[in-house]
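This report covers a surface patch, an internal cavity and a set of salt bridges, taken in that order.

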Amino acid sequence: MQRVEERMKTRISDPAYRAVLIEWMVEAARGLNMDAAEVNAAEAERELIDDALLREAMARLDGKVELSLSGADPLEQQGVVLTSTNGRLAFNNQVRTRIQRHQREIQTLIHEALFKKRETSNPDI
């Protein structure tokens, strides 16, 4: 999982990563289910979060959620965290948290890949 995190860090410089940030913000905003939220991210990602990116995310939410960049210190880990404007609720969509959230699916994929490979190479194992 650490290698996955390291590989994800290399994606930040890819122009297509903006779309990933938008997707994560939209998912977090829907999970948070508030009218307004502040977006925070790691330093490198915050550099990508401009008004245009926030507008794109809000458009994907049909204008039902007002997003703004958080004034808090940048996050230490990659990904986004959306916090309600009153600070009471937050939706963590950081890479490490996303991996944990999908751990069962990841383990299933790994298990299937390992055992299917064994079955095709040596059916007696």
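## The start of the chain

Where is the place of methionine 1? In this predicted model, methionine 1 sits in the segment before α1, the helix that spans residues 2–11. Methionine 1 counts as partly exposed because its relative accessibility is 40%, a value that falls between the limit of under 20% for buried residues and that of over 50% for exposed ones.

## A nonpolar surface patch

Methionine 1 is also one of the residues of a nonpolar patch on the surface, in which it is joined by Val4, Ile110, Leu114 and Phe115. Together these residues present about 430 Å² of accessible area. Helix α6, which runs over residues 103–121, contributes 3 residues, and this is the largest share of the patch.

## The internal cavity

When the whole structure is searched for cavities of 30 Å³ or more, 1 is found. The space in the largest cavity comes to about 40 Å³, and its lining consists of Glu5, Lys9, Gln77, Gln78, Val95 and Arg96.

By residue class, this lining divides into 3 charged, 2 polar and 1 nonpolar. As for the secondary structure elements involved, α1 supplies at least two of the lining residues, and α5 (95–101) likewise supplies at least two.

## Salt bridges from helix α2

The search of the whole structure for salt bridges finds 4, and among them are the three pairs described here, beginning with the one between aspartate 50 and arginine 18, whose side chains meet at 3.3 Å, N to O. Aspartate 50 lies in the loop between α3 (43–46) and α4 (51–60), whereas arginine 18 belongs to helix α2 (residues 17–32), so the contact ties together parts of the chain that are 32 residues apart in sequence. Both partners are partly exposed, aspartate 50 with a relative accessible area of 33% and arginine 18 with a relative accessibility of 24%.

A second pair is formed by arginine 60 and glutamate 23, with a distance of 2.9 Å, N to O, between their side chains. This pair links distant parts of the chain, since arginine 60 is in helix α4 and glutamate 23 in helix α2. The two residues are 37 residues apart in sequence, while their C-alpha atoms are 8.9 Å apart in space. Arginine 60 counts as partly exposed at 37% relative accessibility, and glutamate 23 is likewise partly exposed, with a relative accessible area of 37%.

## The link between α2 and α5

Which residue forms a salt bridge with arginine 98? The partner is glutamate 27, and the closest N and O atoms of the pair are 2.4 Å apart. Because glutamate 27 lies in helix α2 and arginine 98 in helix α5, this salt bridge ties together parts that are 71 residues apart in sequence. Glutamate 27 has a relative accessibility of 31% and therefore counts as partly exposed.

Viewed from helix α2, then, the pairs described above reach several parts of the chain: arginine 18 meets a residue of the loop between α3 and α4, glutamate 23 meets arginine 60 in helix α4, and glutamate 27 meets arginine 98 in helix α5. Helix α5 thus appears in two of the features considered in this report, as a partner of helix α2 through arginine 98 and as a contributor of at least two residues to the lining of the largest cavity.

Methods
Residues are numbered from 1 along each chain as its sequence is written. This is a predicted model: local features need pLDDT of at least 70, side-chain atom pairs count only at pLDDT 80 or more; totals for chains, interfaces and linings use all residues. Side-chain values use heavy atoms; hydrogens and water are left out. Patches are made of residues with over 30% relative accessible area and no salt bridge: like charges are joined within 9 Å, nonpolar side chains (Val, Leu, Ile, Met, Phe, Trp, Tyr) within 5 Å. Accessible areas come from the Shrake-Rupley method with a 1.4 Å probe; for residues, only the protein chains shown count as cover. Helices (H or I, at least four residues) and strands (E, at least two) are DSSP runs, numbered from the N terminus. Buried means under 20% relative accessible area, exposed over 50%, partly exposed in between (1.4 Å probe, protein chains only). On a 1 Å grid over the protein atoms alone, a cavity is a set of points where a 1.4 Å probe fits but cannot get out, and a pocket is an open set with protein on both sides within 12 Å along at least five of seven lines; lining residues have an atom within 4 Å of a point. Grid points are joined across faces, edges and corners, and a volume is the space filled by probe spheres set on the points. Ala, Val, Leu, Ile, Met, Phe, Trp, Tyr, Cys and Pro count as nonpolar, Asp, Glu, Lys and Arg as charged, and the others, Gly among them, as polar.
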